[in-house]
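Please open the model in your viewer and keep the selection panel handy. We will go from the whole chain down to single residues.

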Amino acid sequence: MTTPPRRPASAPVNPPPRLLMGPGPVNADPRVLRAMSAPLVGQYDPVMTGYMDETSQLYREVLRTSNEATVLVDGTSRAGIEAALVSLLSPGDRVLVPVLGRFGHLLREIAERCGAQVHTIETAWGTVFEPEQVEAAVRRVRPHVVALVQGDTSTTMNQPLEALGEIAHAHGALLYADVTASLGGNTFAMDDWGVDVASAGLQKCLGGPSGSAPVSLSPAAVAVLDARRHVEHGIRDEHDEDHGVRIASNYLDLAMILDYWGPRRLNHHTEATSMLYAARECARLLVDEGMDAAVERHRLHGAAMLAGVQALGLRVFGDLAHRMNNVVAVEIPDGVDGDGVRAAMLEDYGIEIGTSFGPLHGRVWRIGTMGHNARRDAVLTTLAALEQVLRSAGAAPVAGSGVGAAREVYA
Ligand SMILES: Cc1ncc(COP(=O)(O)O)c(C=O)c1O
């Protein structure tokens, strides 16, 4: 193997311009990047704690919840998932994970590491569960927690959640949803749907960089954390008593993170200031646009991309009735080199599209229209480039067909 030439370490970071049209991360909104370059303030500066309170309020609006316990976990979306599960699940607890794709398997794996008794049900990739299937499994397993993904980017499916809160609660379980890939681009109504815990990330429809995970917990979920509260020595006072089985992670202990974000402001980690600015700006932009308007924007540009790829003669993977608005999985035509097409899109046009994981790796391309890139010019540019690249790769798309079909959606 030859060693690539070393770049001088003294060279500044200077990435090429890219249009990120994969399943996320996508280009951050320039307003989010500007917010991140704002000067730092101290951890307990009233300006900082004020921003923390405002960020909580903004995410209540984004998630459509009145949950007091709405905070950021410093880390990528996976840190939010892990914080939720390690804080909710004591060793031996039963958890039901309906798996509709790669990220359902991630929930299973994290729950196993928490020492929970994990039960899964699976549906074929490209499909979603009917509520009755989840209900039958809940009756059988009697879980403490039902944990699933709303939008699983690996398959592009959007699992309907509306009925699942009632089902979980009727059987004494809490409902956790990973909304990383779907939030902002697809309707999510935390309180109306009875979702007890939700976690997300910035790098999809929220239009920011990865690195901050908004998490919200219902009062019932907070009660589970309270029953496991262990405040660290060195910061506790005489009223703090240990309760229940200690949460296995210190960094991701949501009970302590809530004490840091709440009125006690008990010291935990040092909040990642620049990421908090980013998360706050992502939510501010969405709330300013209106959550319904943001979902409608993703629906429109997703529909234009879907029409465009179909007009280019490409088949779309999965149950179209349950597709997320913000990403489409396109089957790679026989005889076309999927990785070669992705490389040509990147090298010749500066556009990134993705492949998928596991059974879909090398079988589909995933093309996203999300966050700042849920825009007409981004959709049309991607379709124009894809037509040329497909032709060079041996396919025979009709000239102008992709852009034309997308323009009709916009007409
Ligand atoms: C549904 C879902 N959950 C979790 C993740 C993991 O997110 P992160 O890479 O930010 O930790 C992703 C990333 O694509 C995702 O799509």
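Here is a tour in six stops, each with something to select.

**Stop 1: the whole chain.** Start with everything shown as a cartoon, and bear in mind that this is a predicted model. You should find 13 helices and 13 strands. Along the principal axes, the C-alpha atoms fill a box of roughly 75 × 55 × 50 Å. The radius of gyration is 22 Å, which agrees with the value near 22 Å for a compact globule of 411 residues. Of the 411 residues, 51% are buried. If you draw contacts between residues at least 6 apart in sequence, 74% of them join residues at least 24 apart.

**Stop 2: two domains.** Next, colour domain 1 (19-24 + 291-410) and domain 2 (30-287) separately. Their centres, taken over C-alpha atoms, are separated by 30 Å. Where they meet, 26 residues of domain 1 are in contact with 26 residues of domain 2. On the domain 1 side, H10 and strand E11 (327-331) each give two or more residues, and the largest share, 4 residues, comes from H10.

For another way to divide the chain, select residues 49-354, where UniProt, in an unreviewed entry, places the feature "domain: Aminotransferase class V". This span is 40% helix and 16% strand, with its end C-alpha atoms 39 Å apart.

**Stop 3: the largest nonpolar core.** Which residues have the most contacts inside the largest nonpolar core? Select Leu85, Leu88, Leu107, Ala111, Val146 and Ala147; the core they belong to has 130 residues. Its largest share, 9 residues, comes from H9. Both domain 1 and domain 2 give residues to this core, so it lies between them. As background, nonpolar side chains in soluble globular proteins tend to be buried together.

Now centre on Ala111. Leaving aside neighbours within four places in sequence, Ala111 is in contact with Leu85, Leu89, Val95, Val97, Ala116, Val118 and Ala147.

**Stop 4: helix H9.** Select residues 273-289 to bring up helix H9. At 1.5 Å a residue, its 17 residues should span 24 Å, and the end C-alpha atoms are indeed 24 Å apart. Show side chains for the buried residues of H9, among them Met275, Tyr277, Arg280, Glu281 and Leu286. What covers the buried residues of H9? Add helix H1 (30-36), helix H2 (46-63), strand E2 (69-74), strand E10 (212-217) and helix H10 (291-311), which are included in that cover. Then step off the end of H9 to Gly290, whose phi is positive, near 100°.

**Stop 5: helix H11.** Move on to residues 338-349, the 12 residues of helix H11. From first C-alpha to last, H11 reaches 16 Å, close to the 16 Å expected at 1.5 Å a residue. Just after H11 comes Gly350, with a positive phi of about 70°.

**Stop 6: Lys204.** Finish by selecting Lys204, which UniProt lists, in an unreviewed entry, for "modified residue: N6-(pyridoxal phosphate)lysine". Lys204 sits in the loop between strand E9 (197-199) and E10. Is Lys204 buried or exposed? It counts as buried, because 30 C-beta neighbours lie inside 10 Å. Not counting residues up to four places away in sequence, Lys204 touches Gly24, Val26, Thr180, Ala181, Asn326, Met370 and Gly371. Show those residues as sticks to leave the surroundings of Lys204 in view.

Note on methods: Residues numbered from 1 in each chain as written. Predicted model: local features only at pLDDT ≥ 70, side-chain atom pairs only at ≥ 80, totals over all residues. Expected span 1.5 Å × (residues − 1). Buried ≥ 20, exposed ≤ 12 C-beta atoms within 10 Å, placed from the backbone. Contact = placed C-beta atoms within 7 Å. Core = buried A, V, L, I, M, F, W, Y, C linked by C-beta atoms within 7 Å. Domains from an automatic or database assignment. Rg over C-alpha atoms; globule rule 2.2 N^0.38 Å. UniProt positions renumbered as here; feature names shortened; annotations may be inferred.
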